[in-house]
Structures are given as C-alpha cells and as structure tokens.
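Good morning, colleagues. I shall speak briefly about a protein and its DNA, and then about the protein interior.

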Amino acid sequence: MHLVYALHRRSNNKNTSDASLASRPALVLPPSGVAIIMATAFVHSCCNTVSGSNPQRRLPKDSPAASTSTTRRRSRVNLASVARTLSSLVNAGRVREAASLFESTKKPDTFLWNLMIRGYADAELYEEAVHAYRRMRDAGVWADHFTFPFVVKSCANSSSYDDGLRVHAKIIKVGLDSDLFICNSLITMYSKFGLLSAAERVFDEMPARDGVSWNSLVDGYVSNGEGWRSLVCIKHMQEAFGVKLDWFAITSALSACSLELRLEQGKEIHCHAVRNGLESDIKLQTALLDMYCKNGDMVYADRLFGSMSRRNVVTWNALIGGYALNDEPLQAFACAIKMQDDYMIPDTVTLVNLLPACAELRSMDHGKAIHALAIRKGFLPHLILETALMDMYAKCGDLKPSELLFEKMTEKSLVSWNAMIVAYVHNGRNSEALQLFLHLQEGPLGPDVFTISSIIPACAELASLQQGKQIHSYVLRAGYGSDSVVLNSIINMYARCGDLNIARQVFDRMPCRDLVSWNVLIMGYAIHGHGEAALELFSAMKDAGLKPNQSTFTSVLTACSITGLSDEGWLHFDSMQQEHGMSPEIEHYGCMVDLLGRTRDLRAAMDFINKMPLVPTARIWGSLLTAGRNNRNIEVAEFAAEQILRLEHDNTGCYVLLSSMYADAGKREDVDRVMSLMTQKGLHRTAARSLVEFDGKTCSFVNGDKSHAQSDKIHRVSSVLSRKIGEAACDPGAIFDPIDAVTKRANSPSRHSLRLAVVFGLISSPVGSPVLVKKNVRICNHCHRAVKLISGFSGREIIVGDTKIYHHFSNGTCSCGDYW
DNA sequence: TTAGGGTTAG
C-alpha cells in the first residue's frame with residue numbers, strides 16, 4: 001500500500017499534499033498485481049528521466065559508449081525497481097503475482113532470482129522453488145550464498161533427495177561449503193532425509209558454528225527418533241562449547257525427554273525454561289505439557305494446564321492426547337467437551353487424539369461418531385485422520401471399515417500401510433498381512449523397521465518357517481540386521497516356527513542384546529520343553545548384569561511348568577518378591593497352577609487359586625481344567641469349566657476339552673450334552689488344521705483331507721502306520737471321540753489332520769530329517785499317543801507345535817511328559 | 001533477501 005502511495009505521489013503534481021492524497025479512495029485499496037506492474041512501468045520512466053537529468057554525466061547521443069552505458073544504467077535501475085516491487089509482493093505472500101512480474105522482467109539478476117525462489121519457498125511451493133533454481137542455473141545466472149539456503153530448504157521440504165545432493169555438490173564446487181547459513185540449511189536437509197551421518201559430517205566440517213547449527217543437529221536427532229543422541233548433543237553443546245539453551249534447544253530437549261521417557265531430565269529443562277523467563281510462552285508451555293503427558297505424569301500435566309493463563313487448540317489437543325495415551329479415555333473425552341466450553345473448536349488433531357480413546361474403550365459407537373464428525377466438518381480426506389480411523393476400527397475388532405478406508409485413501413503413507421498390516425495381524429488375519437506386505441514391496445514405498453517388526457509376528461503365527469526365513473533374509477538385505485527390536489522378533493519367530501537352533505544362532509550373533517532378547521529366547525526354550533536350558537540361560541542373563549523383569553519370570557516359570565521342574569519353579573516364584581521386589585502377576589500365578597497340576601496335586605492347585613491375592617481369570621481356571629483333564633479328575637474339570645464359562649460364555653476350547661474328557665471316560669451322554677449346549681449357543685468347534693512345509697510351500701490338512709495330490713498314498717501309509725503301531729480299528733477313544741459323536745461319520749484317528757500332515761512330512765522329506773508340523777488346536781489324546789509310537793517306529797524326530805507348546809516326539813516319547 | 005517443532009496416525 002505504501003508503494004502505491006509513493007507511486008501515485010510521483011505520478012501527480014509535486015504540490016499534492018499527503019492529506020489530499022489520503023482522501024482519495026483509490027489509494028486505500030490494496031494494489032492488484034496488474035496495478036503494480038503498471039505502476040512499476042511508470043516508475044521506470046520516472047527513473048529514466050531522473051538518471052538522464054545530470055548534464056555533467058551526459059555523453060554524446062551518437063556515441064556507442066554512451067549508448068551502452070545508458071542501456072546498462074537503465075537496466076540496473078529497471079532491475080532495482082522490479083526488485084522493490086517483487087520484494088513487496090513476496091513479503092505479502094502474493095507469489096503468483098510476483099511470478100507474473102518476474103516472468104515479464106528481462107534478464108533477472110541473482111538478486112531477483114533469489115527473491116523469486118524465496119517467494120516460492122515461503123509459500124511452501126518447494127518444487128517450484130527448486131524448478132526456479134534450475135532455470136536460474138540454465139539461464140547462466142550465478143547462484144550466491146543467499147540462493148542456496150532457500151534452495152536447500154526447498155529440496156528438503158519437497159523430499160527432492162537427488163536434487164538435494166546435486167545442490168550440495170554445486171555448493172562445494174562454487175566454494176560456498178563453509179558458509180554458516182548454507183551449512184545450517186544442509187544439516188536440516190540431511191536430517192529431513194533421515195541421513196543423520198551426512199548431517200553430522202556437514203556439522204563436523206563447519207569452520208564456525210552458531211546456536212542454529214547446534215539446534216539444527218539436535219532437532220535432526222529428535223525428529224529421527226534418536227532422543228538419546230539428542231540429549232547427549234545438548235549436554236555437549238552446553239558443557240564443551242558453552243552454548244546456552246534457547247527456545248529451540250529447550251523444545252528439542254523436551255521432545256527428546258518424551259522419546260526417552262526421561263521425566264526427571266524433563267523437569268530440569270522445565271526449571272531451565274523458568275530461569276530464562278520462557279515459561280510464560282504458550283508454545284513452550286504446550287511443549288512442557290506434552291512432555292509431562294508423554295512421560296505419563298498426568299497429575300503434573302493437569303496442574304501445568306490449570307496454571308496456564310492462556311490456552312489454545314494446540315494446548316487442549318496436547319492434554320487430550322495425553323489422557324488418551326495414558327489409558328484415561330473418559331478423561332480425554334471430558335477434555336474434548338470442556339475445550340468447547342472454552343470456545344475452542346476441535347480440529348483434525350483433536351479427532352486424531354480422540355480415536356485411540358475410542359479404541360481403548362472398544363467403543364465403536366464413539367469411533368463412528370468421530371468419523372461422522374470428521375465427514376461433516378469436511379476434514380476428510382486427511383492422511384493422518386484416515387490412518388487413525390483405520391487403526392481405531394481394527395482395534396475395535398471390525399476390519400471391514402479399515403479395509404474400505406485403506407482401499408479408498410487418495411494418498412497412502414508408509415504409516416498407513418503399516419497400520420493396515422498391524423490391523424490384520426492383531427485380528428489374526430496373518431495371511432492377509434503377509435499378502436499386504438508383499439504388495440507394499442511392489443510399490444515405491446519400502447518397508448521400514450515398523451513394517452518388519454509388524455510382519456515378523458505374522459510369520460510366527462503362521463508358523464511358516466520358509467516365509468520367516470525369507471523375511472529374515474530381507475531384514476539383512478535392508479540393513480536392519482543390527483536392530484535389536486527386529487532381531488528379537490526374529491528370535492521369537494524362529495522359536496515359534498519350531499526352529500530353536502536358528503533362534504539361538506540369531507541370539508548368539510546379535511551385536512547388542514537387550515532384556516527382551518533374553519526373555520524371548522528363554523521363552524523359546526520353555527515352549528520347546530527345554531526347561532534346564534531355559535534356566536541356564538536365565539543364570540547367564542543375570543551373570544551378564546541384566547535385571548529380570550516380569551516378562552523374564554513369565555518365561556522362567558513357563559519353562560519350569562512345561563518341563564515339570566517343581567522345586568525350581570517355586571524357588572523362582574518366591575524370589576520374584578523376596579529377591580527382586582516384584583509382585584507376581586496373573587500370568588505367573590497361571591504358571592504355578594500349571595506346575596501344581598503337573599505334580600498331580602489338584603488339592604494344592606485349588607488351595608493356591610483360593611489364596612491368590614488376584615481375582616482368578618479364565619486363564620487360571622483354564623490351567624485347572626487342564627490339570628483336571630490330565631489327572632482324569634472330572635469333578636475338578638467340571639468345576640473349572642463352570643468358572644470359565646461364567647467369565648467367558650463363548651470359550652469353545654473349554655467345551656471341547658470337557659467333551660473330550662467325557663469321551664475318554666466313555667460318557668457318551670455327557671459328550672452329547674456338551675456338544676448340543678455349544679450348538680444352542682451358536683458356537684462352533686474350530687476345525688482342526690495341520691500344516692507342514694514342503695519344497696518352500698505350506699501344505700495344509702484338515703481331518704480326512706483328500707485334497708492333496710498325494711492323498712491316496714498319504715491315507716494308505718497312515719493306515720499302514722496305524723496298524724504297525726498297534727492302533728486298534730475299534731479304539732474306544734475313537735468311538736467316543738466328540739468329533740464322531742457330533743458328525744456321526746467315521747473319522748478314525750489315522751485320518752486326523754495331524755496324522756495326515758505327519759505322514760506327508762515323513763514321506764516327502766529325506767530319511768533321518770526331523771518332521772515339523774504346526775497345528776491350530778491342541779493335540780488330541782489319540783494323536784499324541786500315536787505320534788509317540790510313530791516316532792519310535794520310524795526312527796524320526798517329529799516336532800508338533802500346538803497353540804501353546806512344541807512337542808518333540810522321539811524314540812516313542814514326548815518332551816511334554818504327556819502333560820499338555 | 002539468507003538457517004530452526006508447541007499438539008496428530010503404524
């Protein structure tokens with residue numbers, strides 16, 4: 001406006017007063033781009049007149065030198081005036097009008113190019129900024145120390161990795177690689193690319209650094225999830241270099257404390273902010289609030305929030321997110337209501353923060369209401385909101401809306417892909433998760449550490465050793481071979497897929513083992529029935545200086561119970577409280593009930609449950625049911641089943657186990673009663689399925705399966721083996737098998753899915769090699785007895801994983817000691 | 001004319 005005012009004044013009589021000009025309505029209107037261009041043209045003419053008014057410097061009109069000199073001078077003056085106009089437009093954020101003026105300018109110089117590139121960068125038109133730089137270079141105009149910070153920033157924000165590297169090379173070539181501003185922008189660029197070592201290299205090679213250099217590196221660490229390195233860097237900058245923490249450093253430090261869950265350090269930084277008079281800044285207060293929320297101190301967060309004199313939507317969102325994060329979903333919703341009383345309008349972040357609260361409450365109604373609100377407010381499509389919605393639906397157990405959202409997303413980030421993969425895994429749809437993982441690899445987005453950590457458990461659940469090996473190979477190729485989170489998942493996967501030897505090899509070769517690594521391997525030994533080895537590993541873990549946690553004891557007590565190491569089990573259970581000051585949790589009590597059941601002391605098991613300081617769950621009564629079943633004590637089993645069904649009326653496993661017991665005891669009427677009760681409740685027994693891998697493929701068998709290409713041979717061999725091990729055709733167990741009782745069809749144990757899978761494994765693999773089979777339900781008595789005998793007869797090791805443990809059948813015996 | 005996070009998804 002001032003510019004037009006000035007221009008207008010020049011175009012009119014010199015005697016025109018400011019007051020009279022101010023009274024003209026045209027002057028108070030904002031200048032349009034065209035008006036400015038026209039005005040600029042007018043200024044050119046004025047300037048030309050002025051420059052030609054000095055008779056002392058005038059050259060003969062026909063002189064070539066005079067002509068050239070005049071042209072140059074005119075050109076300089078033109079550019080200077082364009083620059084003023086262009087600068088005004090850029091500063092006003094009117095980048096399109098600035099571009100129009102720029103394009104109409106002949107031979108723009110470095111200064112004008114810089115202005116234009118800055119205009120694009122300020123308007124977040126980063127790709128256009130980079131394009132303008134390319135045009136500048138092609139036009140032969142020299143880029144200077146002002147040009148590069150804008151260009152580097154634009155490369156960083158447009159994810160133009162190749163351009164970024166080319167620009168850096170150019171900076172080195174023109175000798176500007178020591179410039180403070182350029183180096184600072186390069187640190188940020190490399191951090192945004194996730195190339196922290198490149199950012200560090202730029203930082204290290206700087207001849208001089210300022211606070212921005214340090215803050216940029218610290219921020220780079222934080223934004224790449226390297227909270228610890230960020231805190232180390234902050235300490236170093238303060239102590240070794242005497243750099244004071246400013247607003248930026250404090251906010252980065254607070255984020256680092258959130259990442260590393262360092263509440264005490266966060267409080268120290270809070271004190272530092274107070275000492276430096278920054279505590280009244282609303283942004284800093286919100287950052288502090290966020291730090292307290294992320295560290296789980298909602299009491300302090302609430303107190304800080306209450307003390308704030310001013311709050312905005314961001315502040316409210318931080319508090320809502322805090323309550324949702326800290327498992328206080330109702331408080332999160334209460335805040336969302338209160339914020340509206342405070343005249344704050346919920347935005348996309350508010351809704352994104354509320355969705356985990358819906359998931360926590362398992363309240364699809366709340367989730368759907370938020371979804372509807374997002375649609376009504378026109379927030380969709382929105383990448384983060386859609387991903388959060390997908391996650392909410394999946395956690396509420398409804399995958400269909402998640403799939404629809406994912407399918408229809410106009411833009412998908414890697415986080416969206418990961419969320420969908422996790423959604424499948426958490427809902428037991430492991431095959432779909434694996435398919436999606438393969439699909440992801442076909443596109444431009446590569447899997448990251450989250451993807452890998454999500455997909456490995458799917459392989460573990462599918463018990464697909466081949467798939468697991470392929471994922472392991474991918475992990476090594478993709479450079480995640482030293483990531484302890486990923487490697488821990490891989491150890492678990494190998495153990496759950498039945499190959500404990502490879503699990504051990506991965507563990508032994510880990511560059512850095514954490515507590516989880518030990519816990520996972522101890523559990524691996526436990527589920528394979530190698531109790532002694534698990535306890536040896538536990539001792540080695542303590543010798544290595546690691547302190548056991550609750551999960552360690554779950555693994556150790558599981559090992560003791562599965563292997564029947566009663567004395568050791570009680571020793572470790574007691575040591576939890578006496579030596580390590582831990583209160584046993586429900587899982588630990590469950591292991592002890594298993595242990596008591598295994599020692600056949602059902603009375604002690606019942607007393608133990610009655611004296612437990614925790615309310616028994618279905619898992620505890622399930623252990624008692626198993627104990628009753630393995631000790632052939634129908635009364636105890638019935639009592640346990642009653643307790644389970646009181647807590648979980650749809651527990652099909654409970655019905656099946658009880659009916660199996662009745663069948664073993666020859667109580668045909670009770671079998672019928674239990675099975676009809678199941679039918680009345682609309683429950684269905686899980687169809688048994690056994691998997692065995694052959695030639696890199698998983699072969700699946702159901703009971704009586706005849707779909708396999710070699711079915712005739714498999715059934716024939718199974719019948720022969722059945723006879724060889726002396727399995728009677730009229731086995732009383734077979735007659736009263738609940739499957740037969742319900743289906744009323746002949747289904748001899750020799751045709752059970754496990755038997756078919758074992759036989760196929762035996763005939764399709766090299767003589768002497770072990771056979772590995774995975775089963776989706778527990779092994780029935782007949783198959784357990786038969787596979788023991790088959791292992792003796794064939795001289796082969798047969799490994800069968802059920803839903804809980806691995807049975808190693810060898811020389812006619814099973815590692816479970818006939819208790820499972 | 002140059003560099004820098006308050007809250008959000010896996």
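By class, the surface near DNA strand B comprises 19 nonpolar, 15 polar and eleven charged residues. Here near means that a heavy atom of the residue lies within 4 Å of the strand; Ala, Val, Leu, Ile, Met, Phe, Trp, Tyr, Cys and Pro count as nonpolar, Asp, Glu, Lys and Arg as charged, and the others, Gly among them, as polar.

This is a predicted model, in which local features need pLDDT of at least 70, side-chain atom pairs count only at pLDDT 80 or more, and totals for chains, interfaces and linings use all residues. Residues are numbered from 1 along each chain as its sequence is written, chains are lettered from A and ligands numbered from 1 in the order in which they are written, and side-chain values use heavy atoms, leaving out hydrogens and water.

In total, 45 residues surround DNA strand B, and the closest are Arg118, Asn184, Asn215, Ser252 and Asn418. Of the strand's atoms that come within 4 Å of the protein, sugar and phosphate account for 34%.

Which residues place a polar side-chain atom 2.8 Å from a base atom of DNA strand B? Asp210 does so with a base nitrogen, and Asn317 with a base oxygen.

I turn to the interior. The largest nonpolar core (buried Ala, Val, Leu, Ile, Met, Phe, Trp, Tyr and Cys residues joined through side-chain atoms within 4.5 Å; buried is under 20% relative accessible area with a 1.4 Å probe, protein chains only) has 209 residues. Ile455, Ile456 and Leu625 have the most contacts inside this core. A second, separate core of 28 residues includes Val692 and Ile714.

Methods:
A polar contact is a pair of N or O atoms within 3.5 Å; within protein, one must be able to donate a hydrogen and the other to accept it, and residues adjacent in sequence count only if both atoms are side-chain atoms. Buried means under 20% relative accessible area, exposed over 50%, partly exposed in between (1.4 Å probe, protein chains only).
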